[in-house]
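Work through the exercises below with the sequence and the model open. Try each task before reading its solution.

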Amino acid sequence: MNSTAAQEAILRGAMDRWKSAVDAHEPQRVASYFTEDAIFQGLHPYTVGRQGVAEYYDSQPLGLTADYWVLETRQLAEDLLLGYLGVDFSFTDRPTLRVTLTVVLRRVAGQWHIAHYQVSKLS
């Protein structure tokens with residue numbers, strides 16, 4: 001199993017790619033960082049697979065940006081990693097939305113992809 005620092009580095013690598021694509025409003029690129037069968041739960045009804053992820057991010061307003069911080073990581077298995085994060089989604093025309101995000105990363109062909117994505121709005 002990886003050390004906590006190694007786990008966080010893996011998580012940050014995956015989430016930095018996600019953030020870059022979200023901030024650039026490139027929904028197909030966002031979706032490419034998910035597994036083919038990813039379970040995705042934003043703040044709308046859930047979807048399964050990359051197409052639903054792309055559609056979700058395509059529906060987001062231009063200027064949306066995401067800033068995240070790592071709260072916890074857990075190595076579930078050699079090729080599975082759990083990440084628990086705080087995320088601020090910022091908009092050009094409304095207040096920032098603060099959420100918590102749980103992701104499960106799965107290593108596929110040497111690359112870490114998001115296999116499960118669950119947003120919660122706690123307050």
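Two strands pair if DSSP finds at least two bridges between them. Helices (H or I, at least four residues) and strands (E, at least two) are DSSP runs, numbered from the N terminus. The model is predicted: local features need pLDDT of at least 70, side-chain atom pairs count only at pLDDT 80 or more, and totals for chains, interfaces and linings use all residues. Residues are numbered from 1 along each chain as its sequence is written, and side-chain values use heavy atoms, with hydrogens and water left out.

**Exercise 1. Trace the sheet from edge to edge.**

Step 1. Write down the strand order: the open sheet has six strands, arranged β2-β1-β6-β5-β4-β3, with mixed pairing. At the edges are β2 (47–48) and β3 (65–77), each pairing on one side only.

Step 2. Take β5 and β6, which are antiparallel and share nine bridges. Within this pair, Arg 107 is opposite Trp 112 of β6, and Thr 102 has Gln 118 of β6 as its bridge partner. The hairpin of β5 and β6 has two residues between the strands, and Ala 109 takes a positive phi near 50 degrees there.

Step 3. Move to β4 (residues 80–90) and β5 (residues 97–108), joined in the antiparallel sense by 10 bridges. Leu 82 has Val 104 in β5 as its bridge partner, and Val 87 is opposite Val 99 in β5. Six residues lie between β4 and β5 in their hairpin.

Step 4. Finish with β1 and β6, which run parallel and are joined by four bridges. Here Phe 40 is opposite Tyr 117 of β6.

**Exercise 2. Find an aromatic pair that links a helix to the sheet.**

Step 1. Apply the rule: rings of Phe, Tyr and Trp (its six-membered ring) pair if their centres lie within 6.5 Å; planes under 30 degrees apart count as stacked, over 60 as edge-to-face and the rest as tilted. Searching the whole structure gives eight aromatic pairs.

Step 2. Classify one of them: the ring centres of Trp 18 and Phe 89 are 6.1 Å apart and the planes stand at 80 degrees, so this pair is edge-to-face.

Step 3. Place the two residues. Trp 18 belongs to helix α1 and Phe 89 to strand β4, so the pair ties together parts 71 residues apart in sequence.

**Exercise 3. Describe the largest cavity and the largest pocket.**

Step 1. Set the terms. On a 1 Å grid over the protein atoms alone, a cavity is a set of points where a 1.4 Å probe fits but cannot get out, and a pocket is an open set with protein on both sides within 12 Å along at least five of seven lines; lining residues have an atom within 4 Å of a point. Grid points are joined across faces, edges and corners, and a volume is the space filled by probe spheres set on the points.

Step 2. Count cavities of 30 Å³ or more: there is one. The largest cavity holds about 40 Å³ of space. Its lining includes Ala 21, His 25, Pro 27 and Tyr 57. Both α1 and α2 (27–32) supply at least two residues of that lining.

Step 3. Turn to the largest pocket, with a volume of about 200 Å³. Of its 13 lining residues, Leu 43, Tyr 56, Gln 60, Phe 91 and Leu 97 lie nearest its centre. Both α3 and β6 supply at least two residues of the pocket lining.
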